[in-house]
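Q: I have a structure open and would like to learn how to read it feature by feature. Could you walk me through it?

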Amino acid sequence: MSDGSIDLKAEARARAFSIPLEEINVADDQLYRTDTHWPYFERLRKEAPVHLYDHPEHGRFWSISRYHDIVAVDSNWQDFSSTGSIVLEDPQDDFHTPMFIAMDPPKHDAQRKTVSPALSPSNLANMEPLIRERAGNILDGLPIGETFNWVDKVSIELTTMTLATLFDFPFEERRKLTRWSDVITAPEGAPGFGTEDERRAELFECVGYFMNLWNERVNAEPKGDLISMMAHAEATRNMDQMEFLGNLILLIVGGNDTTRNTISGSIVALNQFPEQYRKLTQNPELLPSMVSETIRWQTPLAHMARVAGEDFEFKGKRIHEGERVVMWYVSGNRDDEVIVDPYNYIIDRERPRQHLSFGFGIHRCVGNRLAELQLTIIWEEIMKRFPEIRLLEEPKRSYSIFIKGYEEMNVLIPERV
Ligand code: HEM
């Protein structure tokens, strides 16, 4: 793949290590689109692990880039609050959508508890045959010897089907979920997403659609889908429209984009490290560890943010009340003080589950087992069918400092097993 990306990477490295520290801005979407954020974080981890930057749009924020420091912040909800927003951007005052990921205890705990049974090991065991059947059907429908976009045909399709099942959402209309997920995460001005008013109108359409499902289920016997669970639980049954929308956004994006991008990331990783693919086909028992390694290597959510509850001394820096503190998981997962040879994708690492991609502490991803299950199943089914999935060119990466993923990825499957 000689597309100039090597020059771009060399340039980024030279720049990252020559500009004054205070000018380093890791919240620049362009760095993620071009995959050139790595040297900036490398420098921060070495020279300024707790780093203050005054961003023209997002204001002042602290970047935490080392593994153990991220664990310390993520585990300390008393000093680092999630209330309001858990991303770098400020919530919009006139469009506030509370959701439990952006709450502190006790309300967070009660709402999380409401939905967690849907993602419990016993419920996942029930879902497994269905996910497997769908994965098999998706793979059987792929063209052989022809270029196609893996993101759309496989990653989006499988994760959207799973999400539809979790919500017990009308299956034929499931691509509405994909669209709403994209509307939520698209950066302002992105082509295909209209003005801010149009975007909001689509989100109101989303909440209206779900309101109908809620109304059906609130008057029926409780069932195991997420909407019925929320409609019947003490902690969620009195949510207003905006809080309902907030929690829908959380579940749609949480359940969709992250897993979608990891499935796509596994194709990129195994093409960049073909010896690891050989290792996997010769030792299929490495699959669970390959799945965890892919989740680390991809880090589908680049960061989560908190707000300091009071003035606070952290690693020799004075963080003031109200200041935003950003935990860069994408950087912690490349910290060589904790992870050996972190830039390499190694499917038989000694401790593959040691990574930050699911966060830490009370907000640690409640869907982590479902994500792992979908990845495991898709690869078990791929290995039964295809000896190779060839990535034909650099994938088109997402233009986002939050969602670390792929919009498009052209691949070719030369033959079936
Ligand atoms: C590879 C896939 C996934 C990744 C990398 C991921 C990552 C994360 C991260 C980083 C957090 C916040 C952790 C923190 O603040 O400490 C989180 C929370 C959450 N995730 Fe996931 N996630 C994934 C899949 C899923 C799936 C499949 C669901 C299912 C619906 C899901 C639902 C949620 C929810 C509801 C929360 C909020 C938990 C809370 O605030 O207590 N995620 N996830």
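Q: Let's start with the ligand. How do the residues of the shell around the ligand divide into nonpolar, polar and charged?
A: A helpful habit is to sort a shell by residue class before looking at single atoms. This is a predicted model, and in it the shell around the ligand holds 15 nonpolar, 10 polar and four charged residues.

Q: Which residues come nearest to the ligand?
A: Here we go from classes to names. There are 29 residues around the ligand, and those that come nearest are H108, R112, R306, H363 and C365.

Q: How far is an oxygen atom of the ligand from the side chains of D74, R112 and R306?
A: For this, look at distances between polar atoms. A polar side-chain atom of R112 lies 2.7 Å from an oxygen atom of the ligand. For R306, an N or O atom of the side chain is 2.8 Å from a ligand oxygen. With D74, a side-chain N or O atom and an oxygen atom of the ligand are 3.0 Å apart.

Q: Which elements give two or more residues to the shell around the ligand?
A: Now you can map the shell onto the secondary structure. The elements in question are α5 (107–115), α11 (241–272) and β5. Of these, α11 gives the most, with seven residues.

Q: Since α11 has come up, how do the axes of α8 and α11 cross?
A: For a pair of helices, read the distance between the axes and then the angle. Helix α8 (residues 175–185) and α11 have axes that come within 9 Å and cross at roughly 95°, which means that α8 is roughly perpendicular to α11.

Q: Which residues make the contact of α8 with α11?
A: List each side in turn. From α8 come L177, T178, S181, D182, I184 and T185. From α11 come I249, I252, V253, N256, D257 and R260. By class, the residues of this contact are five nonpolar, four polar and three charged.

Q: On to sheets. What order do the strands have in the open sheet of five strands?
A: Strand order is read across the sheet, not along the chain. Here the order is β1-β2-β8-β5-β3, and the pairing is mixed. β1 (50–55) and β3 (80–81) stand at the edges with a single partner strand each, so one side of each has no neighbour in the sheet.

Q: What should I know about side chains along a strand?
A: In a regular strand, side chains alternate between the two faces of the sheet.

Q: How do β1 and β2 pair, parallel or antiparallel?
A: Follow the bridges from residue to residue. β1 and β2 (residues 59–64) are antiparallel, over six bridges. V50 stands opposite I64 in β2, and H55 has G59 of β2 as its bridge partner. A hairpin of three residues joins the two strands.

Q: Which strands does helix α4 lie across?
A: Once the strands are laid out, look for helices placed on them. Helix α4 (residues 67–75) lies across β2, β3, β5 (303–308) and β8 (324–328), and its direction is at about 130° to β8.

Q: What order do the strands have in the open sheet of three strands?
A: The reading is done in the usual way. The order is β4-β12-β9, with antiparallel pairing, and the edge strands β4 (147–149) and β9 (390–391) each pair on one side only. Three bridges join β4 to β12 (residues 410–412), with N149 partnered by N410 in β12. Helix α7 (residues 150–167) packs on this sheet, touching β4 and β12, at about 45° to the direction of β4.

Q: Finally, backbone details. Where is the cis peptide bond?
A: Check omega along the chain. The cis bond joins P105 and P106, with omega about 5°, and P106 is in the loop between β3 and α5.

Q: What is phi of T299?
A: Here the sign is the thing to read. Phi of T299 is near 45°, a positive value in a residue other than glycine. T299 sits in the loop between α13 (287–298) and β5.

Definitions and conventions. Residues numbered from 1 in each chain as written. Predicted model: local features only at pLDDT ≥ 70, side-chain atom pairs only at ≥ 80, totals over all residues. Heavy atoms only, no water. Pairing = 2+ DSSP bridges. Helix = DSSP H or I, 4+ residues; strand = E, 2+ residues; numbered from the N terminus. Contact = heavy atoms within 4.5 Å. Axes fitted to C-alpha atoms, helices over the stretch in contact; angles between N-to-C directions. Near = heavy atom within 4 Å. Polar contact = N/O pair within 3.5 Å; in protein donor to acceptor, adjacent residues only side chain to side chain. Nonpolar A, V, L, I, M, F, W, Y, C, P; charged D, E, K, R; others polar. Parallel < 35°, antiparallel > 145°, perpendicular 65-115°, else oblique.
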